[in-house]
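Here are a few short exercises to try with the model open beside you. Work through each task first, then compare with the solution.

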Amino acid sequence: MATYLSIESLSVSYGTACVLERVSLGVERGEMIALLGSSGCGKTTLLRAIAGFVSPSEGTIRVGGEDITGLPPEKRGTAMMFQSYALWPHMNVAGNIGYGLKMRGWDKGAIAQRVEEMLTLLQLSGFAQRPVTQLSGGQRQRVALGRALAVDPRLLLLDEPMSNLDYKVRLELRHELRALQRRIGITAVYVTHDREEALTLADRIAVIDAGRVVQVGAPEEIFHRPESAFVAGFMGADNALDLVRTDDGLLVAAGADTPTDARMRAHFRSDAARLAAAPERLTSDTLVLNGVVSQSVYVGQGYRYRVRADGADVWVNASERYAEGTAACVVVPRTALLLFPGPSGLRVLT
């Protein structure tokens with residue numbers, strides 16, 4: 001498939017601060033891509049630049065081959081769904097959904113028909129005359145989505161639209177939104193700082209750090225094969241240790257006197273390790289860290305432990321109960337380690 005949304009070498013600055021630095025990204029027609037990153041990384045700025053609310057200092061944005069970089073927001077054929085939903089509180093559901101159509105000069109009959117189509121699509125039939133102030137958070141989110149979709153946009157842009165919802169409602173609406181996007185085939189760009197949300201919703205994920213796209217790929221690729229220590233940590237492999245390879249090929253914790261160029265940074269997930277009460281023998285297949293349980297947290301399906309080992313704090317999940325202060329060792333399979341040389345951040349093949 002040809003690239004539908006093409007962003008080429010896009011830079012945005014606020015005064016002297018560079019927020020986006022030569023960002024390039026392609027989105028296929030009918031694809032949903034998630035812009036994932038921490039607060040302040042530039043993901044919302046990129047979304048707003050696509051929408052036309054932010055002017056880039058350099059670079060181009062094309063949709064369907066048309067250069068829209070210099071067009072005002074209303075000429076771009078995009079629709080944006082904001083975090084706050086931005087619904088008109090004095091209007092009912094039908095008035096909010098049909099607002100964009102009214103601004104485009106549609107007649108009342110056509111607006112009413114389109115609004116009814118959106119209500120049916122979003123499972124809100126019978127809500128047309130309901131004041132939006134009497135809706136739940138999930139229902140407001142659907143109304144905001146209906147308003148965005150009613151104008152038949154070329155691109156649907158979503159700026160953390162579920163961040164204000166309860167966890168249970170978020171889970172339900174994720175699946176509904178994903179099914180709806182696939183059914184209608186709209187091209188969508190979704191901003192989030194929640195990796196679970198990105199993994200659930202997106203065809204591909206673009207991880208952004210400090211104004212740059214640092215990795216783009218399918219959810220499985222980003223999760224299992226991060227290309228940098230930053231991506232590994234952001235995707236949940238938040239245990240990080242400096243290791244060194246011994247002459248016989250074993251991996252051990254680096255000491256204070258280990259030269260920097262001999263160190264490698266190892267990331268692993270807490271659920272990939274296990275906790276053992278007695279010290280275990282180090283083998284070429286495992287990393288063994290001896291330490292003491294410093295914190296115990298019950299998480300429902302078991303326990304989450306902070307273990308102070310080899311001068312670092314390591315988190316590990318276990319079903320067994322260990323008292324704080326207990327000597328224990330963390331055992332990590334070699335295959336669960338994501339290894340990176342410290343300064344470069346590039347992946348080391350194991």
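**Exercise 1.** Is Cys18 buried, partly exposed or exposed?

*Solution.* This is a predicted model, and its relative accessibility puts Cys18 at 47%. Buried means under 20% and exposed over 50%, so Cys18 counts as partly exposed. For a second cysteine, take Cys329: its relative accessible area is 0%, and Cys329 is buried.

**Exercise 2.** How many disulfides does a search of the whole structure find? Work out why Cys18 has no bond to the closest cysteine sulfur.

*Solution.* Start with the chemistry: a disulfide covalently joins the sulfur atoms of two cysteines. The cut-off for such a pair is within 2.5 Å. Next, look from the sulfur of Cys18: the closest cysteine sulfur belongs to Cys41 and lies 13 Å away, which is too far for a bond. Finally, the search over the whole structure gives zero disulfides.

**Exercise 3.** Where is Ser9 found, and what is its phi?

*Solution.* First locate the residue: Ser9 sits in strand β1, which covers residues 3-14. Then read the backbone: phi of Ser9 is positive, about 50 degrees, although Ser9 is not a glycine. Last, check the surroundings: with a relative accessible area of 23%, Ser9 is partly exposed.

**Exercise 4.** Take the same steps for Glu160: which loop holds Glu160, and is Glu160 buried or exposed?

*Solution.* Glu160 belongs to the loop between β7 (155-159) and α6 (167-184). Its phi is near 45 degrees, again a positive value in a residue other than glycine. The relative accessibility of Glu160 is 11%, so Glu160 counts as buried.

How values were computed:
Residues numbered from 1 in each chain as written. Predicted model: local features only at pLDDT ≥ 70, side-chain atom pairs only at ≥ 80, totals over all residues. Heavy atoms only, no water. Buried < 20%, exposed > 50% of the residue type's maximum accessible area, 1.4 Å probe, protein only. Helix = DSSP H or I, 4+ residues; strand = E, 2+ residues; numbered from the N terminus.
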